[in-house]
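I opened a new structure today and kept notes as I went. Here is what I looked up, entry by entry.

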Amino acid sequence: MPTPTRGWGWAAHLREGGTTPWASWSEPAVPFTTDHLPGAEMLELLRRLNETGPSEPSRVDALLRTSPPGRGRRDLPLLGDTETRTYGPLPVDPETLKPRELLRAASVRLAEDLLDTVDPTPAPRPRRWLRRRRNTEPDQQRFPYRLVGSPWLTLPIREELERQGRLPGGDGFTVYVLGGPLDEIAAAAWKFRTFTNRVNPWHIWMRDAQWRGWFGPRADLPRIARWWARRVGRDRVEIVTDPALLPGLLGVDSVPGPWSISAEGHEVARVIGQVLSVRTDPETQRKLLVDQLRPRLEKLEPLFPDAREVGVPEESLDWVETQARAQRDALVEAGYALHGDPDLLLPSGRATQGPDERRALALALSLLAGRS
């Protein structure tokens, strides 16, 4: 007969929807499963989830079966339930765990939920661009285009144009390089990576960019313009610094803005992406995050006030200003056609404190509960 323990008693209480903190729990119980006792991080995550409302029993059991994040990492023991060990992680009071630790724990279950939706039978890969049929789309002939720049800014616009039958390319197409304040362009480069690839937290990414002296290819507008100029000629490459001018250039009534995801939403996507990056291929990871997670986050964002924007840390503003002036001068000196004031490429100057970890955890808890 298994020995009743306080840890299993608390786990059973939480499994039934309880919200009592570990420090206030004293009743023992026998194990309700042959598996080992879930770790402190998963149990505290379940307690926080219960505080937001009832969850499906299957969701609760799935969470309790989830392993902690990190390869080979052991579950955190509960302080006061086991003897202090000389190896492995030390016992902890679950209530003292920081929001970012609980967010990482939640990311494993959320990644597994996304992976459960993958069809094991691979579908034939569609062609990215369909061949344009002549004489069927007059606007396609009148406004042939390629829209390039940061994918986080251009992808929603390209998708909407394609939905309207406005495919990129065409005879003598013009390449429009979409620009903007460099701090926003740099943030957009990081945002795109949170949904498509493994990436460091925003403040570390910014620190590394400043150390390298370069934001990378997706935030280097002169580099993008030069690449296209070598391919199609400089006279067919034009710089757009004011997005409000794009509809007129493309021959449409309006274009969508970037997806409405806060700094906290991006942090949620980033930690889930870290798990997916070692569990699946990059194409599947991108599809799961962009096509499935992103719409769910957009629906949840209005439910949680005080969202933060991704912005440059105050200590980096001067460096970003210098980089922006260099990019502006390079584009002007190269002689590209400009749509909008070139000074719009200079940074907005708004500093940020980074994502609010408590709000990011609240978003993750709602995702866990299936409320989006």
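The entries below go from one helix to the spaces around it and then to single residues.

**Ground rules**

I am working with a predicted model, where local features need pLDDT of at least 70, side-chain atom pairs count only at pLDDT 80 or more, and totals for chains, interfaces and linings use all residues. Residues are numbered from 1 along each chain as its sequence is written, and side-chain values use heavy atoms, with hydrogens and water left out.

**Entry 1: helix α7**

I began with α7, residues 182–194. Helices (H or I, at least four residues) and strands (E, at least two) are DSSP runs, numbered from the N terminus. I checked the length of α7. The expected span of a helix is 1.5 Å times one less than its number of residues. For the 13 residues of α7 that gives 18 Å, and the end C-alpha atoms are 19 Å apart, which agrees.

Next I asked how many residues of α7 are buried. I took buried as under 20% relative accessible area, exposed as over 50%, and partly exposed as in between (1.4 Å probe, protein chains only). Eleven of the 13 residues are buried, and α7 is mostly covered. Among them are L182, D183, I185, W190, K191 and F192.

What covers these buried residues of α7? I used contact to mean heavy atoms within 4.5 Å. The cover includes helices α6 (151–163), α8 (202–212), α11 (263–276), α12 (282–300) and α13 (317–334). Strand β2 (174–178) is also part of it.

**Entry 2: the cavities**

I then looked for enclosed space. On a 1 Å grid over the protein atoms alone, a cavity is a set of points where a 1.4 Å probe fits but cannot get out; a pocket is an open set with protein on both sides within 12 Å along at least five of seven lines; lining residues have an atom within 4 Å of a point. Grid points are joined across faces, edges and corners, and a volume is the space filled by probe spheres set on the points. I counted two cavities of 30 Å³ or more.

The largest cavity holds about 40 Å³. Its lining is G180, L182, I185, A219, L221, A324, Q327, R328 and L345. Helices α7 and α13 each supply at least two of these residues. Which helix gives the most? It is α13, with three residues.

I sorted the linings by class. Ala, Val, Leu, Ile, Met, Phe, Trp, Tyr, Cys and Pro count as nonpolar, Asp, Glu, Lys and Arg as charged, and the others, Gly among them, as polar. The largest cavity has six nonpolar, two polar and one charged residues in its lining.

The second largest cavity has about 30 Å³ of space. L110, L114, I272, L293, R296 and L367 line this cavity. Here α4 (99–115) and α12 each give at least two residues. By class, five are nonpolar, none is polar and one is charged.

**Entry 3: the second largest pocket**

I moved on to open space. The second largest pocket contains about 550 Å³. Its lining has 31 residues, and L153, E184, K191, P258 and R350 lie nearest its centre. The elements that give two or more residues to this lining are α6, α7 and α10 (246–250). Helix α7 gives the most, with six. The lining divides into 19 nonpolar, seven polar and five charged residues.

**Entry 4: T241**

I found T241 in the loop between β3 (237–240) and α10. Is T241 buried or exposed? At 2% relative accessibility, T241 counts as buried. I looked for polar contacts (pairs of N or O atoms within 3.5 Å; within protein, one must be able to donate a hydrogen and the other to accept it, and residues adjacent in sequence count only if both atoms are side-chain atoms). The T241 side chain reaches the backbone oxygen of D341 at 3.0 Å. This side chain also reaches the backbone oxygen of G340 at 3.5 Å. Not counting residues up to four places away in sequence, T241 touches others including G179, G180, H339 and L345.

**Entry 5: two more residues**

I located H13 in helix α1 (residues 6–15). H13 is buried, at 18% relative accessibility. Leaving aside neighbours within four places in sequence, H13 is in contact with G18, T19, T20 and W25.

I closed with D306, in the loop between α12 and α13. D306 has a positive phi of about 65° although it is not a glycine. D306 is exposed, with a relative accessible area of 67%.
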